[in-house]
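Please open the model in a viewer in which residues can be selected by chain and number. The stops below are to be taken in order.

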Amino acid sequence: MRHAHNIRAALQVVRAQPTRTALLALPVAISTAMALATLIVDAGLTARAQAAARSFGTDVISIRPGAQIIAGKSGPVGTLSDEDVAALRSRLRDAVAVEGTRIQDGVPMSAGSRNGVYRVFGVRPPWAGIRDFGAERGEFLSEADVASSARVSVVGQTVARELFAGGDPIGAEILVNQVPFRVKGVLVPKGASPAEGDRDARIVIPISTFYNRLYRRLHLDQIVVQAGDSSPETLASLEQQIRPVLREQHHIAGVAPDDFVVRLPDTIAEEARGLSRSVFLLSLGLSAVGALLATLVIGVVTQQGITVRQGEIGIRRAMGALPGDILRQVAIEGIAVSLLGGLVGLALGVPAAWLLARVQTLGVGFSASVVIGPLLLVTLAAMAGVLPARTAANLDPAAALRVR
Amino acid sequence: MQIDAHDLYKTYRDSRGQPVQALCGVDLHVRAGEFVAVSGPSGCGKSTLLNVLGCLDRPDRGSCRLNGEEVASWPETRRAAFRNRRLGFVFQSFHLLPFLSVKDNVELPRLYAHDGPATAPLNVSDLLDSVGLAGTEERYPAELSGGQQQRVAIARALVLGADLLLADEPTGNLDQATAHTILNLFAELARRGRTIILVTHDPAVAGRASRKLQMAAGKIVQDTAVDRPGVPA
């Protein structure tokens, strides 16, 4: 390697002054660690958000009753109806399916001596296809079940485990709010979702039975609309079609706000992030400021060091070093210090992200920016030595040696 | 190494930007193996002469031939390689790198020796032995006395086989007894064929050379051979 001797000279200097090296590397280490932790946690949150959107269905739009409130939460106001579903079915060009559901939380259920509190979904059979939520074992609901308001259910994995303790629930009877239901099947496992909680802690019954046997209310709690594909254009266009239909159905005119909330997979993902984007940006901004500071510190300290090091630079020139040798040596000193800081930052940032994710129940993840961000930061700091290196290279060796 | 300098002129600007005539027509001829002391009052141009001869500075005018080669017009790359191989520098403040061991300090010129050894590289231990510092390889400059540090600097100047030593007040920071031993070392090196140019303002130091040059206002005003038994004139 042609410039190996410059690397050697630079490393000799960096190694010889451990305190100075540590002080210069410290700001790089801190900002690298911070950027790394931020980006790792953000990648984790993004992955979690995407998983939430995926699990709800990347081609599924959800409509909930109620006015849009901050952060997309909506109150339970009975504004959605079967007529809305019919109107949407007939007028949405891009929709593959539209289904209304009734949902009740906190419903007491028991089987034998075991009991628990779960969520009940009243649906029609096509719902399973839209939400990709069919029966793993046994059977899902049939059109006949809906037509006859049959007291049959398909239970989630958590319900099956907790009420039947590992025994086979199919064919067994459970009491749902004191009403006996026969178990037809067990739902596919879905696990927990930030958007919906434990999605296995639910049972699914015919929507007609929900109304006739459990909760006698006409309104719907959710309408799901399945788009033909999950492209953002299709979803956005579908949303644009949904709003006028429902506003017309609900007789909302002019500038009056919607009495329903349309959520796209993106919205669901954003809600599922848990930590707002602004916290992430603030943290990333702080590490950027830290990086600038680290760069400035390396630049200024190295520049001032050149004055002190005139004798060293002069004697190296006298011994045959060219200005380019001095330039490379001083620049490599800056690179070495920055790299050291970057490595320490790596060693601190990864555990910090892991710890943060544990304590705050966030996620950790990996993306290109996890690599690129800290790399940019270290590169910036490494560039700080270039200007002082030019100063050093331009020193007149005769004048530099005159300094006593 | 033989030196043939003719009609050297050099003007530089001081810290206030005023032009200072450092060399005003210097003629100098030195044969290989001569030990030449250059003295004169402050600002007479003796350090500038040393820098021009040492290829650290270029004359404004005139010719500077080292072993018959016009070094003043060489590009910097060639001058740097020449300094590396053929010239050795010794300074009043030693200019050792405090963070390197004695051995690494002595070997420093090897970092900048790109084209393979011109002469067989000297063994550092032998070299240290020859300047009276046997066994100090792993020590650091701060652990050594001033005289010892100057010996390290001399060993460093010789490590690639320099045949012209340029010394600027090499005994300026040393006590008289130590200075004496360092000057003996220079005399010994001259006896073995190296050319030595030593700048000093101390007449006693100048008296140890084989030839004394007196400078004033950028000119050599006196050139005296010192009659000393055992030292070639």
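The tour goes from the sheets of chain B to the cores, a helix of chain A, the contact between the chains, and two loop residues.

**Before selecting**

This is a predicted model, in which local features need pLDDT of at least 70 and side-chain atom pairs count only at pLDDT 80 or more, while totals for chains, interfaces and linings use all residues. Residues are numbered from 1 along each chain as its sequence is written, and chains are lettered from A and ligands numbered from 1 in the order in which they are written. Helices (H or I, at least four residues) and strands (E, at least two) are DSSP runs, numbered from the N terminus.

**Stop 1: the six-stranded sheet of chain B**

Select β6, β7, β8, β3, β9 and β10 of chain B; in that order they form an open sheet with mixed pairing. Two strands pair if DSSP finds at least two bridges between them. β6 and β10 of chain B are the edges, and each has a single partner strand, so one side of each lacks a neighbour in the sheet. On average, neighbouring strands here are turned by 15° against each other, direction ignored. Axes are lines fitted to C-alpha atoms, for helices over the stretch in contact, and angles run from 0 to 180 degrees between N-to-C directions.

Now select β9(B), residues 211–216. Its side chains alternate: Arg211(B), Leu213(B) and Met215(B) point to one face and are buried, whereas Lys212(B), Gln214(B) and Ala216(B) point to the other and are not. A residue is buried if 20 or more other C-beta atoms lie within 10 Å of its own, exposed if 12 or fewer, and partly exposed in between, with C-beta atoms placed from the backbone.

Which strands flank β9(B)? Strand β3(B), residues 35–39, pairs with β9(B) in the parallel sense over four bridges; Ala37(B) stands opposite Lys212(B), and Ser39(B) has Gln214(B) as its bridge partner. Strand β10(B), residues 219–225, runs antiparallel to β9(B) and is joined to it by six bridges, with Ala216(B) opposite Lys219(B). The hairpin of β9(B) and β10(B) has two residues between the strands, and Ala217(B) takes a positive phi near 50° there.

Add helix α6(B), residues 176–191, which lies across β3, β7 and β8 of chain B at about 150° to β8(B).

**Stop 2: the four-stranded sheet of chain B**

Select β2, β1, β4 and β5 of chain B: an open sheet in that order, with antiparallel pairing. The edge strands are β2(B), 19–30, and β5(B), 69–70. Strands β1(B), residues 3–13, and β4(B), residues 61–66, pair over five bridges, and Asp4(B) stands opposite Arg65(B).

Helix α1(B), residues 46–53, packs on this sheet, touching β1, β2 and β4 of chain B, and makes about 120° with β1(B). α1(B) also lies across β3, β7, β8 and β9 of chain B, at about 150° to β8(B).

**Stop 3: the nonpolar cores**

A nonpolar core is a set of buried Ala, Val, Leu, Ile, Met, Phe, Trp, Tyr and Cys residues joined through C-beta atoms within 7 Å. The largest has 143 residues, and those with the most contacts inside it are Val225(A), Val36(B), Ala155(B), Ile196(B) and Leu198(B). Its largest share, 18 residues, comes from α2(A), residues 18–56. Another core of 28 residues lies apart, including Val120(A) and Ile207(A).

**Stop 4: helix α10 of chain A**

Select residues 277–308 of chain A. At 1.5 Å a residue, the 32 residues of α10(A) should span 46 Å (1.5 Å times one less than the number of residues); the end C-alpha atoms are 47 Å apart, which agrees. Among its buried residues are Ser287(A), Gly290(A), Ala294(A) and Ile298(A). Their cover includes α2, α12, α13 and α14 of chain A.

**Stop 5: where the chains meet**

Two residues are in contact if their C-beta atoms, placed from the backbone, lie within 7 Å. By this criterion, 22 residues of chain B touch 21 residues of chain A. α2(B) gives the most to the side of chain B, with six residues.

**Stop 6: two loop residues**

Is His95(B) buried or exposed? With 24 C-beta neighbours inside 10 Å, His95(B) counts as buried; it lies in the loop between β6 and α3 of chain B, with a positive phi near 55°. Asp132(A), in the loop between α4 and β4 of chain A, likewise has phi near 55°, but its 13 C-beta neighbours inside 10 Å make it partly exposed.
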